[in-house]
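Trainee: I have a model open and would like a close look at one part of it, with enough of the whole to keep my bearings. Could you take me through it?

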Amino acid sequence: MTHPLNVLSIDLGASSGRVLLARWDGARFVLQELHRFPNGAVNVMGHLQWDVLRLWSEIKDGIARYAAQFNEPLAGIGVDTWGVDFALMDRAGHLLGNPYCYRDSRTDGMMEKVFQRASRAEIFSQTGLQFMPINTLFQLYSLVDANDPLLDIADTMLLMPDLFHYWFSGRQVAEYTIASTTQMLHCGSRTWASGLLNRVGIPARLLPPLFHPGNLIGELRGEIIRETNLKNAVPVIAVGSHDTASAVVAVPALDEHSAYISSGTWSLVGVEIAEPILDERALRLNFTNEGGVNNTIRLLKNVAGLWLLQECKRHWGDVGWDEVIAHAREAAPLKSLIDPDAADFLNPADMPEAIRSYCRRVGEPESDTVGEMVRCCLESLALKYRWVIEALETLTGREIKTIRIVGGGSQNKLLCQFTADATQRVVVAGPVEATALGNALVQAMALKQIESLAQARVAALASSSTEIFTPQQNEKGKWDEGYGRLERK
């Protein structure tokens with residue numbers, strides 16, 4: 001195939017989805033958003049579920065927009081999404097109900113019940129994953145615990161991007177990076193931990209074959225080509241189907257002295273390593289070893305991220321982001337500090353009140369204004385990043401000198417500066433569209449346009465802009481005092 005070529009990156013997040021055109025000229029990608037649409041969990045009789053049929057319709061609308069606007073043949077298409085959530089399919093390949101959202105309450109208490117069948121240490125030694133109630137392992141066990149008849153009917157479990165790849169191609173597979181978010185994959189052998197699942201009571205027969213990123217799953221079904229008016233057969237490509245896996249591909253200059261933060265609703269703070277770290281320290285610190293492109297491991301910590309501020313803003317109503325940040329700049333620094341990962345903040349009805357209540361409970365001053373609340377969220381995140389970075393240095397023996405923030409949160413200059421000041425490390429922000437760019441870069445690797453992960457990161461730098469934030473030395477004392485306050489809680 002000769003240059004240029006066009007691929008579609010389909011990037012689905014928990015709050016919105018996008019279909020983007022990525023145009024490759026042999027050295028760089030130029031991204032163009034074709035279609036953006038909202039996403040969000042729908043409350044159905046007290047449970048949170050995803051409207052995947054609407055998402056499917058929106059995705060096809062985005063593909064049709066490409067066909068209407070461009071005459072060039074489409075060279076590839078790939079999907080990335082958030083992790084852990086899944087659909088159940090019957091033996092005829094039909095969807096068995098709406099997939100549940102990871103924030104649904106059905107997983108309450110499930111970790112403790114699973115630990116009665118397999119210990120934390122045993123589960124971690126096999127899966128290497130951070131223990132969170134949202135993990136697929138505990139979601140599936142909630143069905144076992146409830147004796148849900150769906151488990152008897154179900155033939156296959158498809159994680160979210162795998163569902164859309166199946167609807168595209170007709171082929172049911174589990175892409176490796178998204179499978180690694182489930183806490184059901186043996187992270188050493190890169191195979192399903194079937195023995196562990198059977199002990200826990202989860203039927204391993206539900207698990208489809210694993211498939212690695214950078215390979216062709218199949219071709220777009222003729223029905224979709226006709227429906228969207230595409231002009232050619234299109235390869236369906238396994239990208240880093242977990243959105244963070246794709247984002248990490250697009251981190252420029254990622255090396256052994258760099259950590260990344262994929263910043264959005266969640267903040268994924270980590271480093272790239274060759275093999276998982278499964279020692280007692282990693283278990284105690286509750287770190288995760290997720291799969292990456294080119295069989296790498298993403299040693300990271302899931303941090304609550306901008307979810308806190310997004311939910312506050314939703315509660316405040318018609319307040320723009322510029323106004324929110326302006327209020328924060330005027331507020332006093334480091335007044336109120338919280339642990340962003342406290343259970344209080346997973347899915348409260350009123351996030352500002354949840355934050356105030358948490359502060360009362362732990363003895364922190366309450367935030368009285370919008371500006372103070374914004375600073376509370378952002379400063380607490382920056383200090384949590386510092387804790388994770390220092391823990392990563394302990395686990396890997398590496399000195400981390402640079403923090404590379406990618407994704408939508410890299411646009412938040414105040415958070416970037418807070419991160420530099422709190423950690424006393426240089427922060428490089430960008431690219432903003434790291435996930436969609438990484439998606440496209442893996443497609444280019446599959447199409448033999450890019451030879452290696454290192455070359456992909458050179459192309460990522462050429463395809464984007466970055467901004468540098470240096471730590472302010474005169475702020476160090478304030479941040480050290482704030483860090484000490486959090487550590488004492």
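What share of the contacts in the protein with a separation of 6 or more is accounted for by residues 24 or more positions apart? And after that, what does Leu 278 touch?

Mentor: Happy to. Please keep in mind that this is a predicted model. The share you ask about is 73%: that is how much of the contacts with a separation of 6 or more comes from residues 24 or more positions apart.

Let's set the scene before turning to Leu 278. The protein has 19 helices and 21 strands. Its radius of gyration is 22 Å, close to the 23 Å that the globule rule gives for 489 residues, so the protein is as compact as a globular protein of that length. Along the principal axes, the C-alpha atoms fill a box of roughly 60 × 55 × 45 Å. Of the 489 residues, 61% count as buried. The accessible surface comes to about 18,300 Å², and carbon and sulfur atoms hold 49% of that surface. As for charge, there are 46 positive and 57 negative side chains, with the centres of the two sets 2 Å apart.

Now to your residue. Leu 278 sits in the loop between strand E16 (267-273) and helix H11 (280-285). Its relative accessibility is 31%, which is why Leu 278 counts as partly exposed: the partly exposed class runs between 20% and 50%. Leaving aside residues up to four places away in sequence, Leu 278 touches Phe 124, Ser 125, Gly 128, Cys 187 and Asn 289. One of these partners, Asn 289, is eleven residues from Leu 278 in sequence, and the two C-alpha atoms are 8.3 Å apart. Another partner, Cys 187, has 5% relative accessibility and counts as buried, because that value is under 20%.

Since a cysteine has come up, a word on disulfides. A disulfide is a covalent bond between the sulfur atoms of two cysteines. The structure holds zero of them. Take Cys 359 as an example: the closest cysteine sulfur to its own belongs to Cys 376, 5.0 Å away. A disulfide needs the two sulfur atoms within 2.5 Å, so that pair is too far apart for a bond. Cys 359 is also buried, with a relative accessible area of 0%.

A residue to set beside Leu 278 is Met 351, which is found in helix H14 (residues 351-362). At 1% relative accessibility, Met 351 counts as buried. Its contacts, again without residues up to four places away in sequence, are Trp 307, Leu 308, Glu 311, Cys 312 and Phe 345. Met 351 and Leu 309 are 42 residues apart in sequence, yet their C-alpha atoms are 8.4 Å apart.

Other loops are worth a visit too. Ala 342 lies in the loop between helix H13 (321-330) and H14, and at 13% relative accessibility Ala 342 counts as buried. The C-alpha atoms of Ala 342 and Thr 396 are 26 Å apart, with their positions 54 residues apart in sequence. Asp 108, in the loop between E7 and helix H2 (110-115), counts as exposed at 55% relative accessibility. From Asp 108 to Val 293 the C-alpha separation is 32 Å, and the two are 185 residues apart along the chain.

Finally, some backbone details. Most residues other than glycine have a negative phi, and most peptide bonds are trans. Val 84 has a positive phi of about 70° although it is not a glycine. The loop that holds Val 84 runs between strand E6 (74-80) and strand E7 (86-89), and Val 84 is buried, with a relative accessible area of 7%. Asn 294, also not a glycine, has a positive phi of about 65°. This residue is in the loop between strand E17 (288-291) and strand E18 (297-303), where Asn 294 is partly exposed with a relative accessible area of 46%. The peptide bond joining Gly 430 and Pro 431 is cis, with omega about 10°. Look for Pro 431 in the loop between strand E20 (426-429) and helix H17 (434-446).

Terms used
Residues are numbered from 1 along each chain as its sequence is written. This is a predicted model: local features need pLDDT of at least 70, side-chain atom pairs count only at pLDDT 80 or more; totals for chains, interfaces and linings use all residues. Side-chain values use heavy atoms; hydrogens and water are left out. Helices (H or I, at least four residues) and strands (E, at least two) are DSSP runs, numbered from the N terminus. The radius of gyration is taken over C-alpha atoms; the globule rule is 2.2 Å times the number of residues to the power 0.38. Buried means under 20% relative accessible area, exposed over 50%, partly exposed in between (1.4 Å probe, protein chains only). Contact means heavy atoms within 4.5 Å. Accessible areas come from the Shrake-Rupley method with a 1.4 Å probe; for residues, only the protein chains shown count as cover. Lys and Arg count as positive and Asp and Glu as negative; His and the chain ends are not counted. The place of a charge is taken as NZ of Lys, CZ of Arg, CG of Asp or CD of Glu.
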